[in-house]
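Please read this briefing alongside the sequence and the 3D view. It is arranged by topic for use at the bench.

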Amino acid sequence: MGLRLVIARTAAAVVAVTGLQVFPDGFVMTFTAVWRPAVGRRIHRAADAAWLGAAALPEEVLRLGVQFADDSKATNLDDERQTPASSAGPVMIGDGATGDSHRLESRYCVLPLPPAGALTFVCQWPVFGIPETHASLDATLIRDAATRAIGL
């Protein structure tokens with residue numbers, strides 16, 4: 001599903017949802033972040049911070065998440081070992097990332113499908129002065145696409 005939904009924008013950075021792939025039981029979303037290269041520090045994914053053993057989450061970590069209409073939520077800071085069976089709410093599982101000195105594209109699988117209502121995408125990026133910021137779309141678009149998806 002072609003999509004370009006800007007969640008946050010400053011003079012130095014922009015974060016957007018740039019793609020959705022819908023399946024019968026969930027969806028994969030692509031977040032794209034682009035920033036001015038003159039940050040002077042390495043930009044980290046959430047998984048990098050855990051791997052590096054950071055005591056506190058570095059401000060360079062891009063925090064991403066989704067919130068369903070029933071107020072359940074999942075983030076890229078959640079334990080990625082969760083499954084829909086082990087979680088009371090949705091799960092957001094990293095599905096790869098790529099980037100360079102001024103761009104990061106991260107994919108996340110979200111399970112299960114969102115209920116009817118607003119599907120809200122959330123980001124926060126302290127290093128660029130982006131507070132918790134939201135952008136929404138009608139989850140009916142995803143639910144309708146799921147009915148047309150071919151299951152394997």
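The points below go through strand pairing, aromatic contacts, salt bridges, cysteines and an open sheet.

The model described here is predicted. Strand β2 (residues 13-23) is a useful place to begin, because eight of its eleven residues are buried and the strand is therefore largely enclosed by the rest of the structure. From β2 the description moves to strand β3 (residues 26-35), to which β2 is joined by ten bridges, and then to the strands and side chains around them.

**Strands β2, β3, β7 and β6**

- Strands β2 and β3 run antiparallel and are joined by ten bridges, and the two strands form a hairpin with two residues between them.
- Within this pairing, V14 stands opposite V34 in β3.
- L20 also belongs to strand β2, and L20 counts as buried because its relative accessible area is 3%, under the 20% cut-off for that class.
- Although L20 and Y108 are separated by 88 residues in sequence, their C-alpha atoms are 9.7 Å apart in space.
- Strand β3 is also joined to strand β7 (residues 103-111), in this case by eight bridges and again with the two strands running antiparallel; here M29 stands opposite Y108 in β7.
- Strand β7 is in turn joined by eight bridges to strand β6 (residues 91-100), the two running antiparallel, and a hairpin connects β6 to β7 through two residues.
- In the pairing of β6 with β7, the bridge partner of A97 is S106, which lies in β7.

**Aromatic pairs**

- Four aromatic pairs are found when the whole structure is searched.
- One of them is formed by W35 and W125, whose rings are edge-to-face, at 5.5 Å centre to centre and with 85° between the planes.
- Because W35 lies in strand β3 and W125 in strand β8 (residues 118-125), this pair ties together parts that are 90 residues apart in sequence.
- W35 is buried, with a relative accessible area of 7%, and W125 also counts as buried, at 0% relative accessibility.
- W125 forms a further edge-to-face pair with F128, at 4.6 Å centre to centre and with 70° between the planes, and both W125 and F128 are buried.
- Elsewhere, ring pairs link F31, Y108 and F121 into a cluster; Y108 is the residue in β7 that M29 stands opposite.

**Salt bridges**

- The search of the whole structure for salt bridges finds two.
- In one of them the side chains of R107 and D95 meet, with an N to O distance of 2.8 Å.
- Since R107 lies in strand β7 and D95 in strand β6, this salt bridge ties together parts that are twelve residues apart in sequence, within a pair of strands that a hairpin also joins.
- Both ends of this contact are partly exposed, R107 having 27% relative accessibility and D95 having 38%.
- The salt bridge between R103 and E105 has its closest N and O atoms 2.9 Å apart.
- R103 counts as partly exposed at 27% relative accessibility, and E105 is likewise partly exposed, with a relative accessible area of 26%.

**Cysteines**

- The structure holds zero disulfides.
- C109 is partly exposed, with a relative accessible area of 21%, whereas C123 counts as buried at 0% relative accessibility.
- The value for C109 places this residue in the partly exposed class, because residues count as buried when their relative accessible area is under 20%.

**The open sheet**

- Four strands form an open sheet in the order β5-β4-β8-β9, with antiparallel pairing.
- The edge strands of this sheet are β5 (73-75) and β9 (130-138), each of which pairs on one side only.
- On average, and with direction ignored, neighbouring strands of this sheet are turned by 20° against each other.
- Strand β4 (residues 63-67) and β5 run antiparallel and are joined by three bridges, and the bridge partner of G65 in β5 is T75.
- Strand β8 of this sheet is also the strand in which W125 lies, so the W35 and W125 pair connects β8 with β3.

Note on methods:
Residues numbered from 1 in each chain as written. Predicted model: local features only at pLDDT ≥ 70, side-chain atom pairs only at ≥ 80, totals over all residues. Heavy atoms only, no water. Buried < 20%, exposed > 50% of the residue type's maximum accessible area, 1.4 Å probe, protein only. Pairing = 2+ DSSP bridges. Phe/Tyr/Trp six-rings, centres within 6.5 Å; stacked < 30°, edge-to-face > 60°. Salt bridge = Lys/Arg side-chain N within 4 Å of Asp/Glu carboxyl O. Disulfide = S-S within 2.5 Å. Axes fitted to C-alpha atoms, helices over the stretch in contact; angles between N-to-C directions.
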